[in-house]
Amino acid sequence: MNIEMTSKRGAIGESFLAREFLARAEVQLGRTKLAAGRRLARAGAVEWLDVTAGHVKGEVTAAIDGTLTHPQLDFGPRGGNDIDALIARATRDPHEILAVFAGTYDIADERELESEGLALLPSAELPLSFGCTCLRWPDVCEHVWALTLAFTEHIDRAPADYLALLGLDVEQLHLTEGESDGSSATVGPDPHVETRTRFDPARLESEILVRAMGEEAAALIAAFYAEAKREGGTPPTETKGQGPGDGSRTD
Ligand SMILES: [Zn+2]
């Protein structure tokens, strides 16, 4: 089952997180083979992609002879201390992490996390690297770019996978009020009882989300997880077809 790109032409990725990830990938990987990779991705050549901590792996059908290649994008994962710090941060102030889920994560959020050494986007300190089974390696190839572009759209569809790539399991987040520090961020039936509530999609419509992000974004998240639940617990990977791509765009 191949991955159909949402964007048939123009920019790829909708959220700041997705677009900025792609922009930084262009800087770090170089734009060589980007156009060829985009043609492949829009032709549906990316068969699947799989996200684990530190790796995006995929299968791409080569353009010429249809052979299968296995490109890979390596990013992170962050070390245990960083993950603990991210979890602590999310517990103290879930705003940035919730924004990732809502697709509203922006440059201000990134700078905020960056100031604590916890930036989510690729940088000199947290670089991207890649591999591929084709003969072009160690140079970047169109398969790596096709995978990168498919992953860029995947970030918008399954933002939790972006955090998983960094090594942060959403289940590790305890989006509850911490100590009595005056924070009003509370998830749980009784704000006076300190609970260590796991990240429960069923609670996503609670006030904390509305307060942190506004009603529209909270509704978006709720819809996202409702969809994920229908799909069997994981966010959907593929989107339904929107007609064949022309794959002819150049820039
Ligand atoms: Zn390759």
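This is a short walk through one helix, the core and one loop residue of the structure above.

A word first: the model is predicted.

Let's start with helix α1. It covers residues 16–29. How far apart are its end C-alpha atoms? They are 19 Å apart. At 1.5 Å a residue, its 14 residues should span 20 Å, so the two values agree.

Now look at which side chains sit inside. In α1, Leu-17, Ala-18, Glu-20, Phe-21, Leu-22, Ala-25 and Leu-29 are buried. Keep the helix repeat in mind. An α-helix has 3.6 residues a turn, so residues three or four places apart point the same way.

What covers the buried residues of α1? The cover includes α4 (95–102), β5 (128–131), α6 (142–157) and α7 (159–165). Just after α1 comes Gly-30. Its phi is positive, near 85°.

Next, the core. The largest nonpolar core has 54 residues. Five of them touch the most other members: Val-46, Val-144, Ala-146, Leu-147 and Ala-150. Helix α6 gives the most to this core, with eight residues.

Take Val-144 on its own. Set aside its neighbours within four places in sequence. Val-144 is then in contact with Leu-29, Gly-37, Pro-71, Leu-73, Phe-130 and Cys-132. Leu-29 is one we have met, among the buried residues of α1.

Last stop: Glu-171. Find it in the loop between α7 and α8 (207–213). Is Glu-171 buried or exposed? It is exposed, because only 12 or fewer would qualify and it has 10 other C-beta atoms within 10 Å. Its C-alpha atom is separated from that of Ala-160 by 10.0 Å. Those two residues are eleven apart along the chain.

Key
Residues are numbered from 1 along each chain as its sequence is written. This is a predicted model: local features need pLDDT of at least 70, side-chain atom pairs count only at pLDDT 80 or more; totals for chains, interfaces and linings use all residues. Helices (H or I, at least four residues) and strands (E, at least two) are DSSP runs, numbered from the N terminus. The expected span of a helix is 1.5 Å times one less than its number of residues. A residue is buried if 20 or more other C-beta atoms lie within 10 Å of its own, exposed if 12 or fewer, and partly exposed in between; C-beta atoms are placed from the backbone. Two residues are in contact if their C-beta atoms, placed from the backbone, lie within 7 Å. A nonpolar core is a set of buried Ala, Val, Leu, Ile, Met, Phe, Trp, Tyr and Cys residues joined through C-beta atoms within 7 Å.
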